[in-house]
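Hi,

Here is the structure I said I'd pass along. Have a look at it first, and then my notes on what turned up are underneath.

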Amino acid sequence: MTDTIAAISTTIGVGAISIIRVSGKDSIKIVNKIFEGKDLEKVDSHTIHYGNIKEKNEIIDEVLVTVMKSPKTFTTEDIVEINCHGGISTTNKVLEIVLNNGARLAEPGEFTKRAFLNGRIDLTQAESVMDLISSKSESKRKVAINGLNGYVGNIIRDLRQEILELLASIEVNIDYPEYDDAIVMTNDIIKPKIIEIKRKLSKIINESENGKILTTGIKTIIIGKPNVGKSSILNRLLDEEKAIVTDIEGTTRDTVEGSITINGVALNIIDTAGIRETEDVVEKLGVEKSLKLILEADLVILVLNNNEELSEEDEKILEACKEKKTIVVINKNDLERKINIEKIQYKNIIYTNTVDLGGIDSLKEKITELFNLNELEHEDYMYLSNVRQISLAKEANYILEEVEIGIENQVPVDMIEIDIKRAWEKLGEIIGETYDEELIDQLFSQFCLGK
Ligand code: GDP
């Protein structure tokens, strides 16, 4: 990591200005070789200088050059940023000259990776950089900036500190049992501490899952046999004719996507082919895809026909959704009730129709209730912001659950300690305190070039 890297940090295209960023121990020396105007090796840190970029004796562009010396820079290394005129040819030419003079083209995300590896930011902050760049909504931006400011990392660090203190007291007991003034760490003393840590961690996980909903929306699938009214419900929700509504069974062969906003949260809806036994290959693909989509969805809207008895297929679908957050919609409630409702063992059941005005309002109300959408807006946007972070927090929580069970079963303290330490390490992975190199490479490779 001692080489000097360079990349174009602005979007490539026509624009007033482009920025070429150079980072590494030789960055000032390299740019100084091609810059005419001032000796950059003699200027103060965090200053900006006017001059020309030259190749041999030819002036390539008139530029402003910012010099930022280690360690107070984004990567903690010496950084030089060349502000040149925008446009593809000038920008590329300036970069080319920088590279010809000793810098290497940076990999995607390499500046941020260096900031992380040099201890300038933790992993949650690094991920927030990417989130901030890609954020398309105000709520996503708020979550990203809180992450970048390190609030999320601090929450995790505080929790780790609590666990560490607990580990330290256990270890004193194990290593120096003769110490009179150390409190003897029995399972009875450890248990309430573990319960308290678990409570805090669960709160973080819950809030983060709500936060995820705020930023990425609720992935929703509408599923049910053909002809029960899925497309009609979708259309009523979307208020536009995206899916073809027809009386012939099985016309909605693939997924139709659309998005509506309920209380500021995006409901990303995917319509599916009806589930049924079928010989039609195209349709079969749709059916298999539907089952897969159930697994991936945050919310399943399972539609049944009020006017028909439950069929074998209906029961199959009911079975397939039982582990999911599901709303069972008994549609066509304008028609006579023939459905054997007593067979449906679901908590969230609503009756709707797509004929009356306002017929599906109850569906929107149920979604609001199920995801607490009325209260979400008052949150403070401090969440674990992605699946990687949330799943590590869940793993840590799961380990703590095992610890609690172990304590109840009188497992010896030194065994309990091993698991507590595992939970501490899992939380460390969230902020990158412990990390796997491959994972880090993979994570940063998703960044854009020049960041
Ligand atoms: P899908 O195959 O599940 O997507 O069902 P469609 O939305 O294509 O609807 C099938 C048929 O049922 C169409 O003729 C709709 O007009 C009709 N339909 C949909 N919803 C209702 C409803 O609430 N009441 C009545 N009576 N008919 C409905």
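To start with a small one: in which loop does T76 lie? T76 is in the loop between β5 and β6. Before you go hunting there, keep in mind that this is a predicted model.

That loop has a couple of backbone oddities. T76 has a positive phi, near 75 degrees, even though T76 is not a glycine. Is T76 buried or exposed? T76 counts as buried, because its relative accessibility is 18% and the cut-off for buried is under 20%. P71 is found in the loop between β5 (58-68) and β6 (79-85) too, and the peptide bond joining S70 and P71 is cis, with omega at about 5 degrees.

There's another positive phi further along the chain. K332, also a residue other than glycine, has phi near 65 degrees. You'll find K332 in the loop between β12 (326-331) and β13 (349-351). With a relative accessible area of 24%, K332 is partly exposed, because that value falls between the 20% and 50% cut-offs.

Now for the interior. The largest nonpolar core has 29 residues. Inside this core, the residues with the most contacts are I194, L201, L384, I420 and L427. Which elements give two or more residues to this core? They are α6 (151-175), α7 (187-216), α13 (387-408) and α14 (413-431), and α13 gives the most, with 8 residues.

L201 is a handy place to zoom in. If you skip its neighbours within four places in sequence, L201 is in contact with L159, A393, A396, N397, L400 and L427. On the spacing you'll see along the helices: an α-helix has 3.6 residues a turn, so residues three or four places apart point the same way.

There is also a second, separate core of 28 residues, which includes V143, I260, I262 and L373.

Back to α13, since there's a bit more to say about that helix. α13 has 22 residues, and the distance from its first C-alpha to its last is 31 Å, close to the 32 Å expected at 1.5 Å a residue. At the start of α13, a side-chain oxygen of N386 comes to within 3.2 Å of the backbone nitrogen of R388. After the helix comes Q410, with a positive phi near 60 degrees.

That's what I have for now. Shout if anything is unclear.

Cheers

Technical notes:
Residues are numbered from 1 along each chain as its sequence is written. This is a predicted model: local features need pLDDT of at least 70, side-chain atom pairs count only at pLDDT 80 or more; totals for chains, interfaces and linings use all residues. Side-chain values use heavy atoms; hydrogens and water are left out. A nonpolar core is a set of buried Ala, Val, Leu, Ile, Met, Phe, Trp, Tyr and Cys residues joined through side-chain atoms within 4.5 Å. Buried means under 20% relative accessible area, exposed over 50%, partly exposed in between (1.4 Å probe, protein chains only). Helices (H or I, at least four residues) and strands (E, at least two) are DSSP runs, numbered from the N terminus. Contact means heavy atoms within 4.5 Å. The expected span of a helix is 1.5 Å times one less than its number of residues. A polar contact is a pair of N or O atoms within 3.5 Å; within protein, one must be able to donate a hydrogen and the other to accept it, and residues adjacent in sequence count only if both atoms are side-chain atoms.
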